[in-house]
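Reader: I would like a close look at one part of this model, and then at what surrounds it. Please keep it brisk.

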Amino acid sequence: MSFVERRIEARPSTGEAPFGLNEVFFSRTDERGVIEAGNYVFKRVANYEWEELIGAPHKIIRHPDMPKGVFQLFWDTLKAGESIGAYVKNKAKDGLYYWVFAVVVPCKGGYLSARISPSSTLFDQVKTIYNELRQAETKDGITPEESAEKLLDWIRAKGFENYHQFATHAMSEELLARDVGLERPKDQKITDLRKMMSNAETLVEETQGLVKDFDAMHTIPHNLRVIASRIEPSGGPVTVLSQNYGAMSREMSDWFAAHVMGENSNFNTIKLAVTNSLFVVGMARILNECDAQLQTERRGLGDIDMAAERKVLSELVTAETDRAHKGVEEVNHEADRIMRACQVMHRQFLGLSSTRVLCKIESARLPESGETLSDIIDQLGVFQERISRRLDDITKLSNEIRLMDH
């Protein structure tokens, strides 16, 4: 054994167990959480012998500082057949602790967990909330379910809709921080998907703004009709034009609400698809790094068939990479739909603009209150311009999202 290996394996008497930023370790359990396999780094960091680990429940390494609410979320997600990412503090046999960012993937007969050493600025914030949750569990006696809900409240306060979104963000933060710490080039796939995510979030903001603009614009044709009724005969040109304008703008707003907003809308679909793609790309990278780690390990692995474990890892990587690719295809499909929707709305806007110009011409012919009419028609122009600009922005963002995978 070289001096470097001896130095890495030297353990302090208290504090943190040695776990390098460049290392990855994994363990595989059955459906009950009983350990069936692991790699050398797992054994070394946990400081157990193989015969103590294999056949033991995974909670053998659970640290008492960990909030039960985190494990509540963990198992709720896994039992639903979904993968999960989480920060976990573990305890080694000799009492040392070690933090990991773990991704846990359902696999045939159980679960595979791959872990990296966390180093992002987000990690410090997570340690603080975990400490608060644990104190609430021990001192206030809150249940694991209540603790999990408190964690979700904290996540929502940080701007995430759910735990999956937060875990996806955390994983990408850790992988990018890992690249910086190891002086590697930044991961382009993760960087591109994060840009996609930013665009998807901006898309949602733009559409919410668009709906507000439509709502504000609805009152203007009504005001226009009220004034026109005072200064022109019933059914006069400005009254008819304002009615047409109101009907057209309502129709556009309703179409937009039906096709674009809501839980099953293009915009929500695109954000969910980008989130899922980012999660599986990060997970596939961690699993790949784990496989690369296994290829370099040449030390005692007990009775573990590492070739078989590498096969499990390889199959998971293939499956997750395929999922990521399908996710990006879905994103592109939705982005195309949004761009087509914007084109339809632009065409309808040409009709609105023509009606507004006719209103302007007719109001100029009226001797009384023409100025007031003109002001209201100008307000319509301002709203139209704002909505048109939003549509242009949405089209541009959708096109950027679509082009990122080409």
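Is Asp 124 buried, partly exposed or exposed, and what is its relative accessible area?

Author: This is a predicted model. Asp 124 is partly exposed, because its relative accessible area is 44%, and the partly exposed class runs between 20% and 50%.

Start with the partner. The side chain of Asp 124 meets that of Lys 127 in a salt bridge. The N to O distance is 3.6 Å, and the cut-off is 4 Å. Lys 127 also counts as partly exposed, at 32% relative accessibility. Both residues lie in helix H5, which spans residues 121–139. They sit three residues apart, about one turn of the helix.

Now a second pair within a helix. Asp 322 forms a salt bridge with Lys 326. Here the closest N and O atoms are 3.3 Å apart. The helix is H12, residues 306–365. Asp 322 and Lys 326 are four residues apart in H12, so about one helical turn separates them. Asp 322 is partly exposed, with a relative accessible area of 38%. Lys 326 counts as exposed, at 51%. The line for exposed is over 50%.

A third pair links distant parts of the chain. Lys 89 and Asp 65 form a salt bridge, with their closest N and O atoms 2.6 Å apart. Lys 89 belongs to strand S3, residues 84–91. Asp 65 lies in the loop between helix H3 (50–53) and helix H4 (68–79). The two residues are 24 residues apart. Lys 89 is buried, with a relative accessible area of 12%. Asp 65 is partly exposed, with a relative accessible area of 38%.

Those pairs are part of a longer list. The structure holds 27 salt bridges. Some of the charged residues join up in a network. Arg 178, Asp 179, Arg 184, Asp 187, Arg 285 and Glu 289 are linked in this way by salt bridges.

Next, the cysteines. A disulfide is a covalent bond between the sulfur atoms of two cysteines. The count of disulfides here is zero. Cys 107 is in no disulfide, and its nearest cysteine sulfur, that of Cys 290, is 12 Å away. From the side of Cys 290, the closest cysteine sulfur is in Cys 107, and 12 Å is too far for a bond. The cut-off is 2.5 Å. Both cysteines are buried: Cys 107 at 15% relative accessibility, Cys 290 at 0%.

Last, the open space. Rolling a probe the size of a water molecule over the atoms shows where empty space is left. About 420 Å³ of space lies in the largest pocket. Its lining has 23 residues. Nearest the centre are His 58, Lys 59, Phe 71, Phe 74 and Trp 75. By type, the lining divides into 11 nonpolar, six polar and six charged residues.

Several elements supply that lining. Strand S1 (24–30), H4, S3, strand S4 (97–107) and strand S5 (110–116) each give at least two residues. H4 gives the most, with four residues. Two of these names came up with the third pair: S3 holds Lys 89, and H4 bounds the loop that holds Asp 65.

Notes. Residues are numbered from 1 along each chain as its sequence is written. This is a predicted model: local features need pLDDT of at least 70, side-chain atom pairs count only at pLDDT 80 or more; totals for chains, interfaces and linings use all residues. Side-chain values use heavy atoms; hydrogens and water are left out. Buried means under 20% relative accessible area, exposed over 50%, partly exposed in between (1.4 Å probe, protein chains only). On a 1 Å grid over the protein atoms alone, a cavity is a set of points where a 1.4 Å probe fits but cannot get out, and a pocket is an open set with protein on both sides within 12 Å along at least five of seven lines; lining residues have an atom within 4 Å of a point. Grid points are joined across faces, edges and corners, and a volume is the space filled by probe spheres set on the points. Ala, Val, Leu, Ile, Met, Phe, Trp, Tyr, Cys and Pro count as nonpolar, Asp, Glu, Lys and Arg as charged, and the others, Gly among them, as polar.
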